[in-house]
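Here are my notes on the packing in this one, written as numbered points. Have the coordinates open while you read.

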Amino acid sequence: MNKHITLGHNVLKHNMEYADKNRSRFQENNVYTLNLISSPGSGKTTFLEKTIGQLKDDLEIGVIEGDIATTIDAERIASMNVKAVQINTHGACHLDAKMVEEVLTHFSLEDTDLLVVENVGNLVCPAEFDLGEHAKIVILSTTEGSEKVQKYPNVFAQADVIILNKIDLLPYVSFELSRFRSDIQQINPDATVFEVSSINGLGMGRWTKWLTENWVEHTQIKGFDWT
Ligand SMILES: Nc1nc2c(ncn2[C@@H]2O[C@H](COP(=O)(O)OP(=O)(O)OP(=O)(O)O)[C@@H](O)[C@H]2O)c(=O)[nH]1
Ligand SMILES: [Mg+2]
């Protein structure tokens, strides 16, 4: 038992060293970075495709796809003419900062404005591993059930942004919107919440406005000259 705790502590300490290293590289190169987390099938890639569709004329976007197996998601993103690199974890339930560091060589960071990391589909493990990102975006979809915020509080408590996806399906599923809203309010009142459909685009405008504003704020902090 004691050994297990020591190992866990060392793994997270090692991860934090790489996360800090990544963070420095993102800051040096003015790259705003998101860590996209949800359970399998909540719509991370679809949400990302919709986001890219709305922003790719204005921002140079790069994507890191994390999956246990296959290059399916990276191929989906690459088909939009966006640089996408797939990491296969071969069983691991999350990405860690070292995995991300290893693929950064595939990107021209000085030319990248926004880097999105789609984590392995899982609501538990990714919450523990900082990748060096600026914001954690956690997605829940209406087909998963409104009790999930209470059942997986850790990941929702750490989110900077919480997305409720698949709101087009609300008439057909027994998702309790009021419960979702009040649970979020209790667990993470500081989170910014967007209710969207990545299929029909409902609510996506508010999200991309938030993202653009945060990107601007980030680059202004770094002294970006807008004139
Ligand atoms: N109706 C509806 N379906 C959606 C929406 N977003 C995604 N989907 C569907 O949900 C399924 C899973 O979507 P993905 O984007 O592949 O989900 P994911 O979270 O990336 O999945 P993994 O990468 O395997 O974890 C697909 O069939 C999508 O078409 C939405 O807003 N509404
Ligand atoms: Mg995906």
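1. Start at W207, bearing in mind that this is a predicted model. Leaving aside residues up to four places away in sequence, W207 touches L34, F47, T51, I137, V161, I163 and F194.

2. Which residues touch the most other members of the largest nonpolar core? W207 again, together with L34 and I163, in a core of 27 residues. Both L34 and I163 are also on the contact list of W207.

3. Now for where that core comes from. The strands giving two or more residues to it are β1 (32-37), β2 (61-67), β4 (114-118), β5 (135-141) and β6 (161-165), and the helices doing so are α2 (44-55) and α8 (204-221). The biggest contribution is from α8, at five residues.

4. As general background, nonpolar side chains in soluble globular proteins tend to be buried together.

5. There's a hole to look at too. The count gives one cavity of 30 Å³ or more, and the largest cavity has a volume of about 30 Å³. Its lining is made up of L34, L36, F47, L48, T51, V116 and W207. So you can stay parked on W207 for this, because an atom within 4 Å of a cavity point is what makes a lining residue.

6. Which elements give two or more residues to that lining? They are β1 and α2, with α2 supplying the largest share, three residues.

7. Chemically, the lining of the largest cavity has six nonpolar residues, one polar and no charged. The polar one is T51, which also appears among the contacts of W207.

Notes. Residues numbered from 1 in each chain as written. Chains lettered and ligands numbered in written order. Predicted model: local features only at pLDDT ≥ 70, side-chain atom pairs only at ≥ 80, totals over all residues. Heavy atoms only, no water. Core = buried A, V, L, I, M, F, W, Y, C linked by side-chain atoms within 4.5 Å. Buried < 20%, exposed > 50% of the residue type's maximum accessible area, 1.4 Å probe, protein only. Helix = DSSP H or I, 4+ residues; strand = E, 2+ residues; numbered from the N terminus. Contact = heavy atoms within 4.5 Å. 1 Å grid on protein atoms, 1.4 Å probe; cavity = no way out; pocket = protein on both sides within 12 Å on 5 of 7 lines; lining within 4 Å. Points joined across faces, edges and corners; volume = space filled by probe spheres on them.
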